[in-house]
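The following exercises practise reading a protein structure step by step. Each task is followed by a worked solution.

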Number of protein chains: 2
Amino acid sequence: MANNIIPLTELISQFERLPGIGKKTAQRLAYNILEQPEEYAQRFADALVNARKKIHFCKVCQALTDRETCLICDDASRDKSVVCVVAEPRDVMAFERTREFKGVYHVLHGVISPLDGIGPEQLHIKELMARLSSGEIKEIIMATNPTVEGEATASYISRLVKPMGVKVTRLAYGIPVGSDLEYADEFTLARALQGRNEI
Amino acid sequence: MANNIIPLTELISQFERLPGIGKKTAQRLAYNILEQPEEYAQRFADALVNARKKIHFCKVCQALTDRETCLICDDASRDKSVVCVVAEPRDVMAFERTREFKGVYHVLHGVISPLDGIGPEQLHIKELMARLSSGEIKEIIMATNPTVEGEATASYISRLVKPMGVKVTRLAYGIPVGSDLEYADEFTLARALQGRNEI
């Protein structure tokens with residue numbers, strides 16, 4: 001039985017710890033590793049250790065980078081006066097894919113969530129306040145998720161920032177492009193109506 | 001952008017090479033690694049290299065093991081005269097979970113599939129023939145999948161083995177336990193009728 005092959009059990013349990021990977025999938029992935037050439041397991045292992053060791057937070061915006069400051073913060077062509085505040089590093093990628101945003105980012109690494117025991121002090125908010133104190137920043141775009149926690153985080157930061165004379169904006173709510181009105185929930189539709197624009 | 005963080009891109013692409021893992025999932029898994037403590041990445045890396053290095057085929061039955069012969073082949077209480085022939089190592093686990101089978105196994109590591117360029121010589125059939133030559137084996141249960149390739153492999157091996165005076169059997173076809181007749185395909189139902197038993 002597999003359960004008696006300790007190195008296999010260990011590999012399966014490492015895969016199983018990953019989010020969204022169940023027992024069956026973990027087994028399938030582990031068997032796949034055994035079927036691949038030995039160099040592949042070694043390359044995968046190196047990639048894991050390397051990524052974890054070399055990647056850290058940009059000392060300015062807290063996004064992920066393997067440099068001291070990230071490529072976006074270092075880019076002279078980006079507008080340093082507009083900061084898009086996001087919850088997670090992956091959100092930076094989502095905005096970058098739009099090729100629409102020319103400002104810079106600030107990554108909070110989470111949202112305020114009392115139920116999970118996450119308060120403002122666990123987020124990278126003080127680093128944001130430090131950036132604001134330079135006076136270079138004119139606008140903060142709150143781009144947290146449209147969830148209860150995302151909204152709470154946006155309004156918490158907004159209350160902190162506004163007294164400093166910095167403009168605070170929030171992403172627009174509305175119907176997603178390419179979606180079907182029939183399937184839009186009533187809150188989204190109501191927001192889309194409120195935010196209607198002249199054409 | 002993530003694509004500019006080379007260690008992250010490398011980790012994502014390693015996850016993406018796994019079966020059933022798409023680009024989005026690979027990204028999610030890679031970010032998860034970055035969020036975990038550094039020891040976790042190291043343990044995962046060790047598990048990968050260890051499993052690949054220490055696990056090989058049992059020299060008797062070709063199942064996976066980290067010993068010279070596997071625990072099943074070494075178990076004196078198992079009936080060495082009945083060999084269940086399966087395509088993949090994971091099939092051994094499936095039979096062991098039933099706690100029903102007291103014989104031993106032989107793992108072919110694939111099935112005959114001309115379209116994929118897999119002929120009998122790529123499978124561990126000669127190792128099976130070598131085991132049969134000892135004369136200890138009385139019955140071979142062909143337990144390959146009920147697919148075209150599985151059937152072809154079963155009948156190919158059956159033709160090789162029968163002249164040696166060894167009994168060759170095949171798993172029973174029929175309706176799965178707990179299933180709904182309404183959803184059974186006509187081939188399965190026909191086989192279930194043909195194989196009906198008196199109660």
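The model is predicted, and it shows Phe44(B) buried, with a relative accessible area of 0%.

**Exercise 1. An aromatic pair within one helix**

Task: Determine how the rings of Tyr40(B) and Phe44(B) are arranged.

Solution.
Step 1. Begin with the position in the chain. Tyr40(B) and Phe44(B) both belong to helix α3 (residues 38–54) of chain B, where they are four residues apart, or about one turn of the helix.
Step 2. Consider the surroundings. Tyr40(B) is buried at 1% relative accessibility, and Phe44(B) is buried at 0%.
Step 3. Place the pair in context. Over all chains, the structure contains 11 aromatic pairs. In the pair of Tyr40(B) and Phe44(B), the ring centres are 6.2 Å apart and the planes meet at 40°, so the pair is tilted.
Step 4. Look beyond the pair. Tyr40(B) and Phe44(B) belong to one aromatic cluster with Phe15(B), Phe15(A), Tyr40(A) and Phe44(A).

**Exercise 2. An aromatic pair between two elements**

Task: State which elements of chain B are linked by the pair of Phe95(B) and Tyr105(B).

Solution.
Step 1. Both Phe95(B) and Tyr105(B) are buried.
Step 2. Phe95(B) and Tyr105(B) form a tilted aromatic pair, with 6.4 Å from centre to centre and 45° between the planes.
Step 3. Phe95(B) lies in helix α5 (residues 89–98) and Tyr105(B) in strand β4 (residues 104–107) of chain B, 10 residues apart. The pair thus links helix α5 to strand β4.

**Exercise 3. Cysteines without a disulfide**

Task: Explain why Cys58(A) forms no disulfide with Cys61(A).

Solution.
Step 1. Recall the bond in question. A disulfide is a covalent bond between the sulfur atoms of two cysteines.
Step 2. Apply the cut-off. A pair of cysteine sulfur atoms counts as a disulfide within 2.5 Å.
Step 3. Compare the distance. The closest cysteine sulfur to that of Cys58(A) is in Cys61(A), 3.8 Å away, which is too far for a bond. Cys58(A) is buried, at 0% relative accessibility.
Step 4. Repeat the reasoning in chain B. The closest cysteine sulfur to that of Cys61(B) is in Cys73(B), at 3.7 Å, again too far for a bond. Cys61(B) is buried as well, with a relative accessible area of 2%.
Step 5. Check the whole structure. The search over all chains finds zero disulfides.

**Exercise 4. The relation between the chains**

Task: Identify how chain B is related to chain A.

Solution.
Step 1. A rotation of 180°, with 0.0 Å of shift along its axis, superposes chain B on chain A with an RMSD of 0.0 Å.
Step 2. The two copies are therefore related as by a two-fold rotation axis.
Step 3. Locate the axis. The C-alpha of chain B nearest the axis is that of Ala45(B), 2.0 Å from it.
Step 4. Examine the interface. Of the interface residues of chain B, 100% are also interface residues in chain A, so the copies meet through the same surface.

**Exercise 5. The overall form of chain A**

Task: Decide whether chain A is a compact globule or more spread out.

Solution.
Step 1. List the elements. Chain A has eight helices and six strands, in the order α-α-α-β-β-α-β-α-β-α-β-α-β-α.
Step 2. Compare the radii. The radius of gyration of chain A is 22 Å, well over the 16 Å given by the globule rule for 199 residues, so chain A is more spread out than a compact globule.
Step 3. Add the dimensions. The C-alpha trace of chain A spans about 65 × 45 × 35 Å along its principal axes.
Step 4. Consider burial. Of the 199 residues of chain A, 42% count as buried.

**Exercise 6. Packing of a helix and positive phi values**

Task: Find what the buried residues of α5(A) pack against, and give the phi of Gln62(A).

Solution.
Step 1. In helix α5 (residues 89–98) of chain A, the buried residues include Val92(A) and Met93(A).
Step 2. The buried residues of α5(A) pack against β2, α4, β3 and β4 of chain A, together with α2 of chain B.
Step 3. Just after α5(A), Arg99(A) has a positive phi of about 55°.
Step 4. Most residues other than glycine have a negative phi. Gln62(A), a residue other than glycine, has a positive phi near 70°.
Step 5. Gln62(A) sits in the loop between β1 and β2 of chain A and is buried, at 6% relative accessibility.

Conventions
Residues are numbered from 1 along each chain as its sequence is written. Chains are lettered from A and ligands numbered from 1 in the order in which they are written. This is a predicted model: local features need pLDDT of at least 70, side-chain atom pairs count only at pLDDT 80 or more; totals for chains, interfaces and linings use all residues. Side-chain values use heavy atoms; hydrogens and water are left out. Buried means under 20% relative accessible area, exposed over 50%, partly exposed in between (1.4 Å probe, protein chains only). Copies are superposed by least squares on the C-alpha atoms of residues with pLDDT of at least 70 in both. Contact means heavy atoms within 4.5 Å. The radius of gyration is taken over C-alpha atoms; the globule rule is 2.2 Å times the number of residues to the power 0.38. Rings of Phe, Tyr and Trp (its six-membered ring) pair if their centres lie within 6.5 Å; planes under 30 degrees apart count as stacked, over 60 as edge-to-face and the rest as tilted.
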